[in-house]
Amino acid sequence: MRSVNLKKVFEKSRKFSTTLTLKHSELDLPNDIMDSGESFSAQITIYKKGAFYEATISVIGKVLLECSRCLSVFKKELDLKETLSLRPYPKTYRENLKIDDLAVSFIEDEENFDLINLVREQIILSIPTRRICSSESCQLPISSEGFSLRSLYEKAN
Ligand SMILES: [Zn+2]
């Protein structure tokens, strides 16, 4: 199941729940989040909360990342759990300013809600911009021009 008609589901029930097993290639992730060869497992539960929906999503899986320091590729295990408020895109800027405790994800099409896109968003948000491997030999590489990247790196941080 790739997408769900939320309007239809909640005419008859109060809760929607599904488990998805997704291959890396099905998620269309950015190129720097690489395929570990293993599938992701996602569990999504959605409740109706007034005019909005509330979703609990958990994702388990592995990705390959390039270490920001030593540039080697390492495996990162993902084990995410997030509760989100699902809302239609705000019609005015003002609406957009009403922020509460929950993270918000916007729904493009209530009758064709893309579950895979929801999983993709959560995976991308969970990956830090600065990715450091846990290898003991993790060090800045020495560049071929002869100067140490470490000094540049330390200046920049
Ligand atoms: Zn490293």
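This section describes the fold, strand pairing, nonpolar core and one cysteine environment of a predicted protein model.

The protein chain has 157 residues, with a mean pLDDT of 87. A pLDDT of at least 70 is reached by 83% of the residues. Among the elements, strand β3 (residues 34–35) has the highest mean pLDDT, 97, and helix α3 (residues 93–96) the lowest, 56. Where pLDDT is low, the predicted coordinates should not be read in detail.

Five helices and eight strands were assigned in the protein chain. Their order from the N terminus is β-α-β-α-β-β-β-β-α-β-β-α-α. Of the contacts between residues at least 6 apart in sequence, 56% join residues at least 24 apart. Buried residues make up 14% of the protein chain.

Strand pairing was examined next. Strand β2 (residues 15–22) runs antiparallel to β4, and eight bridges join the two. Within this pair, F16 has I46 of β4 as its bridge partner. β4 is also joined to β5, by nine bridges and again in the antiparallel sense; here A42 is bridged to V59 of β5. The hairpin formed by β4 and β5 has two residues between the strands, and G50 in its turn has a positive phi of about 60°.

β5 in turn pairs with β6, antiparallel, over 14 bridges. G61 lies opposite L78 of β6. Six residues lie between the strands in the hairpin of β5 and β6, where L71 adopts a positive phi near 65°. A parallel pairing is found between β6 and strand β7 (residues 103–107), over five bridges. R87 is placed opposite F106 of β7.

The largest nonpolar core comprises 16 residues, of which A42, I44, A55, I57, V59 and V119 touch the most other members. Two or more residues are given to this core by each of β4 (40–49), β5 (52–66), β6 (73–88) and α4 (115–126). In soluble globular proteins, nonpolar side chains tend to be buried together. Apart from neighbours within four places in sequence, A42 is in contact with L20, L22, I57, V59 and V119. V59 is thus listed both as a contact of A42 and as the bridge partner of A42 in β5.

Helix α4 contains 12 residues. The distance from its first C-alpha to its last is 17 Å, close to the 16 Å expected at 1.5 Å a residue. The buried residues in α4 include L115, L118, V119, R120, Q122 and I123. An α-helix has 3.6 residues a turn, so residues three or four places apart point the same way. V119 of α4 is buried, is listed among the core residues that touch the most other members, and is in contact with A42.

The final site considered is C133, located in the loop between α4 and α5 (149–156). C133 counts as partly exposed because 19 C-beta neighbours lie inside 10 Å, whereas 20 or more are needed for a residue to be buried. Not counting residues up to four places away in sequence, C133 touches C67, C70, S72, F74 and C138. One of these contacts, F74, is 59 residues from C133 in sequence, and the C-alpha atoms of C133 and F74 are 6.2 Å apart.

Notes: Residues numbered from 1 in each chain as written. Predicted model: local features only at pLDDT ≥ 70, side-chain atom pairs only at ≥ 80, totals over all residues. pLDDT = per-residue confidence, 0-100. Helix = DSSP H or I, 4+ residues; strand = E, 2+ residues; numbered from the N terminus. Core = buried A, V, L, I, M, F, W, Y, C linked by C-beta atoms within 7 Å. Buried ≥ 20, exposed ≤ 12 C-beta atoms within 10 Å, placed from the backbone. Contact = placed C-beta atoms within 7 Å. Pairing = 2+ DSSP bridges. Expected span 1.5 Å × (residues − 1).
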